[in-house]
Amino acid sequence: MRPRPPERTLILGAGPAGLMAGYVLANAGLDVCVVERAPQVGGLSGSHGFEAASGTYRFDFGGHRFITANRELLHLVDELLGEDLLTAERSSVIRFEGRTYRYPLALPDLLRNAPIAMLAGALRDLIRVSLTRPGSAESFAEWIEARFGHTLYRAFFEGYTRKLWGIDPRHLSADWAAQRISLIDLRDVARRLVPGARATPRTYARRYRYPRTGFGLLFERLAERFVEAGGQLVLGTRVEQLELASGRIVSVVGRSPQGECRFDAEHFVSTLPLPELVRLSGGDSKLRFRGLRFFQVLVDRPDVSPYTWQYLSDPELVATRLQEPKRRSPFMSPPGRTSLMFEIPCDPGDELWECSDAQLYSRVCRDLELLGVDSAALTGESFSRRAPCAYPLMDLDYARERARSIAWLNQFSNLSLCGRQGTFRYIFSDTAMEMGLGVARSLIEAPERRPDVLELRNEPTVIEVESVV
Ligand SMILES: Cc1cc2nc3c(=O)[nH]c(=O)nc-3n(C[C@H](O)[C@H](O)[C@H](O)COP(=O)(O)OP(=O)(O)OC[C@H]3O[C@@H](n4cnc5c(N)ncnc54)[C@H](O)[C@@H]3O)c2cc1C
């Protein structure tokens, strides 16, 4: 007899991965429930509003943009959002020592803006980099130095990376750079100057899709479709315990403001942070995440800058990125007003994580002045959102520890892992959705096999795809 899909599936987490898996299973007529800790859907890809006297302001957890290589996914996103899907153009810069550089780095811009000493060092490095093929690098620092040279590493990567991850870049795995520095290296930069030179294989998506009222709108729509298809969505319920028997998960115990609740199922799909799931099932995992505090301030002015992102390389500036949500969609703030968001890397217990909004406010006002923004334009209204598991921390040991955590969880035959935290992968929402899709299709079409999505789109170099229009 052909194996049948699970009678009932419980999905842990209503972010892009969990919702996508739920949507596909529910549309196949299967019994499926998604349980989510937060009062809203979307996870890290959600959005939130701030009601001020001047109107409604909207923010993401760090500005998001939608790009994908997957036509099927793009089609679904188009269909879910219809006219609420806008196309935006990315304009990003790096701020360092009082100067503004284009992001990604471009040689003409460097020649115009960089101090002579930096240029001399970069040109020296270019000759060296051009004469050697990058070998295998273990650490992030080695990877960058082999491609960009020591001078640009020191200027643009070292301080920024240390601030972002809270560890020395020599202790960070080269995997992170290989997967996420999707841009160009010094040779690419130089090649672009030569007329008729062969185009570099790597591309950089300047245009991207963005929902009218914030990235989270996409997942609110997906959740609506999931419920319309018969799926059950339980919000505000934190998964706290797994009940296990004979190498299987029998049920999940959750806690909501109303008390404890139990969810039985035949199959479980987890998008919860991988080390958390290991601990809930009685194991141990040393995998760690880097947290982010998002600090948003309102501005009584139509615009602050033309930039979507400003990467703040100077270590003394508290944030790694400064964003103006209105650059993604004009509907992110009321007419004639704008807002700013500071992405501040820190972990629970750190001073930056724990300090009050009022304390942080004076600190960011000082930073804005250093960046040449008149802080008198700020209205004084501000608020924070915190994400303790924003980035999987890919230190030098992470790959071994990740494999160990996955091997532990593989003992449960009715468990599938997917998503960014769930597989401990530095992926974007499109890949998280593809993982959810992959898990659900596998449960429908080949229920006898464990879905295999853990390494989906794990190419050594991510190619950003111009997926729009
Ligand atoms: C600063 C920043 C910028 C980013 N920019 C982009 C971008 O521009 N474009 C892009 O596509 N992606 C971007 N991403 C990545 C994107 O946010 C993620 O890839 C995506 O949200 C991952 O989806 P997920 O479903 O795997 O995980 P999540 O979105 O994290 O969802 C997991 C869900 O599980 C829930 N959960 C956790 N623990 C429990 C528990 N114990 N019980 C119940 N529920 C629980 C969480 O509340 C959450 O809702 C960015 C991420 C960050 C941090």
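Two strands are taken to pair if DSSP finds at least two bridges between them. On this criterion, strand E14 (residues 289-299) and strand E18 are partners in the predicted model, being joined by 9 bridges and running antiparallel. Within this pair, Phe289 stands opposite Pro392 in E18.

Strands E14 and E18 belong to an open sheet of 7 strands, in which the order is E7-E6-E15-E16-E17-E14-E18 and the pairing is mixed. The edges are occupied by strand E7 (99-103) and strand E18 (378-392); each has a single partner strand, so one side of each is left without a neighbour in the sheet. Direction ignored, neighbouring strands of this sheet are turned against each other by 25 degrees on average.

A further open sheet comprises 3 strands, with antiparallel pairing and the order E10-E11-E12. Its edge strands are strand E10 (238-245) and strand E12 (259-264), each of which pairs on one side only. From one strand to the next, the twist averages 25 degrees. The antiparallel pairing of E10 with strand E11 (residues 248-256) extends over 7 bridges, and in this pairing Val239 stands opposite Gly254 in E11. In a regular strand, the side chains alternate between the two faces of the sheet.

An antiparallel pair is also formed by strand E3 (residues 47-52) and strand E4 (residues 55-60), which are joined by 6 bridges. The connection from E3 to E4 is a hairpin of 2 residues. Phe50 stands opposite Tyr57 in E4.

Two packed helices are described by the angle between their axes and the distance between the axes. For H1 and helix H8 (residues 216-228), the packing angle is about 30 degrees and the axes lie 9 Å apart. Angles under 35 degrees count as roughly parallel; H1 and H8 are therefore roughly parallel to each other. The crossing in which H1 passes H8 is left-handed.

Helix H1 (16-27) also contributes to the surroundings of the ligand: together with E10, helix H13 (420-423) and helix H14 (429-445), each supplying at least two residues, it forms part of the shell. In total, 35 residues surround the ligand, and the closest are Gly13, Gly15, Gly43, Gly62 and Gly419. Divided by class, the shell consists of 16 nonpolar, 12 polar and 7 charged residues. Residues of the shell come from both domain 1 (8-45 + 66-87 + 212-286 + 396-445) and domain 3 (289-392), so the ligand lies between these two domains.

Technical notes:
Residues are numbered from 1 along each chain as its sequence is written. This is a predicted model: local features need pLDDT of at least 70, side-chain atom pairs count only at pLDDT 80 or more; totals for chains, interfaces and linings use all residues. Helices (H or I, at least four residues) and strands (E, at least two) are DSSP runs, numbered from the N terminus. Axes are lines fitted to C-alpha atoms, for helices over the stretch in contact, and angles run from 0 to 180 degrees between N-to-C directions. A residue is near a molecule or strand if its C-beta atom, placed from the backbone, lies within 6 Å of it. Ala, Val, Leu, Ile, Met, Phe, Trp, Tyr, Cys and Pro count as nonpolar, Asp, Glu, Lys and Arg as charged, and the others, Gly among them, as polar. Domain bounds come from an automatic or database domain assignment. Angles under 35 degrees count as roughly parallel, over 145 as roughly antiparallel, 65 to 115 as roughly perpendicular and the rest as oblique. A crossing is left-handed if the near helix is turned anticlockwise from the far one by less than a right angle, and right-handed if clockwise.
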